Amino acid sequence: MNNEHTLEPELDAAVHSSHGNGPFPWMDQSLSSRERAEKLVAAMTLEQKIAQLHGAMETINIYALPSMEEMNAMSPEEYDKLMAQIQVQRHVKGIEELGIPRFRITNGPVGVGMGDGHPSPPATALPMTIGLAAGFDPTLARDYGDIIGSETATLGQHVLEGPGVCLHRTPIAGRNFEYFSEDPYLSGVMGVEVAKAIQAHNVIAMGKHYVVNDQEYERFRASVEVDEHVLRELYLLPFEMLVKDADLAAIMSAYNRVRGTYATENRYLLNDILRDEWGFKGYVQSDFWSCRSTAASLTAGMDHEMPDAKWCNETNVKNALEDTSLEIQTVDRALVRRFTQMFRFGQFERPYNPGVIDAKGHGAISRKIGSQIAVLLKNDGGMLPLDPKAYGSIVIIGQSEFVDDACNGGGGSSKVDPLYTVPPVEGMQDVLHGLGSGAKVSKVTVAKDLSNLEEAKSAAKESDLVILMAGLVASEGADLPSPNMLNNQNQMLTELLDINQHTVVVMKDSSPVMMPWITKAKAVLEAWNQGTEDGHVVADLLFGVVNPSGKVPTTYAASENDFLYTGHPERYPGTDEGNGFPVIRYSEGLNMGYRWFQSQGIKPLFPFGFGLSYTSFGLTGFSVTPAQSDGKSPITVKVTVTNTGKVAGAEVVQVYLGIPVKGQPPKRLVGFQKVVLEPEQSQEVTITIDPTATNHPMSVWDYCEHDFVVKPGNYTVYLGTSSEDTPFETTIVVG
């Protein structure tokens, strides 16, 4: 890969590493990372320190920019022109006389996205993070993070902004695609593995967006009002797991206010919780343009402003130091925190020498991941898998973004410029050829206004097999207008499902959608926004090369009336309570996601954790020990899983806990394990509930103790294959 994507050559700091204790004593690798950072900061002038507090992008008025929706509607030429105008430079300038390298930052978390330079270097477009969570498999998360970390390092970048572990509080949030789930434990488990795999490549992983950045609407102005126990037990929990279990190097602070104070100025979040309670040793970066002050932000615990110097510039910092609203020790602290992580990962010694990504090798891994995360939502009469030799003609029908090329998704700053793509028609032809089928595959691209729907109907009628593709590609910067998000795609599906009995629906979503046409469909596969290998993955699944084993990581609702915010504008999009900015009240408390549906007695279309298979499974031998617990010792849950069908497949065993405390939802996920079995094969699965684990599986937040506490009482242990399908249960006594 050539180096045309970098803006200008800059210091290769590695040439100075040989000086040891000479001119650069901070290059002495016998010292700890923090000692090296402290020596470096002590040698810096005030001007040099200030230059390292912020990114190098030219300061612009972000409010004058087009919206993300408008950007996503631009032609490639228009978009490139805009990016060139605003000079996307995601880096901190190096300082040659100190051996400080240019600090290069790239966005994630669904692949190496918008990185340092314009245009951003291409990379492997992975499936969306919501899809990764549907895999319910930490090993997939490790493979996913390994690709991201490897490619970030190959491209000479130092930081990958991800994983994102905010929760899917609503199905319309614009960034659900880059977050994992509505469940904090699932989000934390998968996020930890992604982060660890990224950092194994000596790349800084940055958990985001801290915290409750759960909607895009008015994200720069809104204030979230949330009770402390709700914040702790749901929204902070995956961040706590990242810090404690992944030894996370960096956190990105959110745009929004939290209880009236901007997240970048919120000392309670950035210092008291993150550092004092959790022991975080890394640094905090602002989201792009989320910094709103100089002294207040740095004092609260924000360490690095990106992408420019709107606030942490030389004039502001010097003025703040002069009037004592900011102390020089605070500036030093911020720099020591970041430099410590750079030294930790050898980034001062590593020369800038971009390499070539193994596009095909990483694409093959992406294909494997993608095939393990798709969710079979419906399969009446065992229509799937399809017999590859039973059809002479196959037509793929849908709107352009789902049938003309691979569905990359990830609108906004997370969008990856793919090294290559496998479109649906070409991918299906490849797979069919490999299976010995001579079927002819064609497509009809349906206009968004459905003006050529009759053409699609004719093609459906004349073909042996119809594959309808529809879905949703969400974007940063805007929430979706409605939970019934497919709009005229719903009409397209409704009309086309009546034409040919050999019709399958493939959904390519980046967030849960409503399906008013579901009763007409015989088979529905949720493939997500797959990225690079879309065409191959979907065909592998439809024709049985791979047996789908994903589970929905967020509840699919049956009605627009079923959401927690319906009839409650104070919950979303927020209301002006007289402060001049929107206030969002999380008045639903802990009842979010599947907890909401269960607490309200609402039957979802597809519950959290649901997913079918081409085979069948039986569960026997359920046991929980001990029957009485001290609230500190581990609890062991066992069950034997048997593949009772005729093909190999995988099942996800899920363990939920009912907490005997007033106000708690009926169930919370506390454990899961994916098991792969051949036909008639059995395997005993053991899941441990450790009360001392970072996800606090048995604890609730105690206001008096200001800590998580296991309360005495009768705890119900549920085991099954979704949040609704838990046929096994027993009670353990605590205390």
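A residue counts as buried under 20% relative accessible area, as exposed over 50%, and as partly exposed in between, with a 1.4 Å probe and protein chains only. The exercises below concern a predicted model, in which local features need pLDDT of at least 70, side-chain atom pairs count only at pLDDT 80 or more, and totals for chains, interfaces and linings use all residues. Residues are numbered from 1 along each chain as its sequence is written, and side-chain values use heavy atoms, with hydrogens and water left out.

**Exercise 1. Determine whether Trp528 and Glu680, each with a positive phi, are buried or exposed.**

Step 1. Trp528 is not a glycine, yet its phi is positive, at about 70°. Trp528 lies in the loop between β15 (523–526) and α19 (534–542); helices (H or I, at least four residues) and strands (E, at least two) are DSSP runs, numbered from the N terminus.

Step 2. Because its relative accessibility is 0%, Trp528 counts as buried.

Step 3. Glu680, also not a glycine, has a positive phi of about 70°, and its place is in the loop between β22 and β23 (682–689). With 68% relative accessibility, Glu680 counts as exposed.

**Exercise 2. Describe the sheet that contains β22, and identify its edge strands.**

Step 1. The sheet is open and has five strands, in the order β19-β27-β26-β21-β22, with mixed pairing. Two strands pair if DSSP finds at least two bridges between them.

Step 2. β19 (628–629) and β22 (668–677) are the edges; each has a single partner strand, so one side of each is left without a neighbour in the sheet.

Step 3. β22 pairs with β21 (residues 649–658) in the antiparallel sense over nine bridges. Tyr656 has Leu669 in β22 as its bridge partner.

**Exercise 3. Trace the six-stranded sheet, and find the helix that packs on it.**

Step 1. The strand order of this open sheet is β1-β2-β3-β4-β6-β9, and the pairing is mixed. β1 (91–92) and β9 (283–286) each have a single partner strand, so one side of each lacks a neighbour in the sheet.

Step 2. Strands β3 (residues 159–161) and β4 (residues 204–210) run parallel and are joined by two bridges. Leu160 stands opposite Ala205 in β4.

Step 3. Helix α9 (residues 237–246) packs on the sheet and touches β4 and β6 (250–253), where contact means heavy atoms within 4.5 Å. The direction of α9 makes about 160° with that of β4; axes are lines fitted to C-alpha atoms, for helices over the stretch in contact, and angles run from 0 to 180 degrees between N-to-C directions.

Step 4. In the loop between β3 and α7 (184–199) lies Pro163, which a cis peptide bond joins to Gly162, with omega about 10°.

**Exercise 4. State which residues of helix α16 are buried, and where they lie around the axis.**

Step 1. In α16 (residues 424–434), the buried residues are Pro424, Val425, Gly427, Met428, Val431 and Leu432.

Step 2. Viewed down the axis of α16, these residues fall within an arc of 165°, so they line one face of the helix. The arc is that of the directions from the helix axis to the C-beta atoms.

Step 3. His433 and Gly434 are exposed on the other side of α16. Just after the helix, Gly436 takes a positive phi of about 80°.
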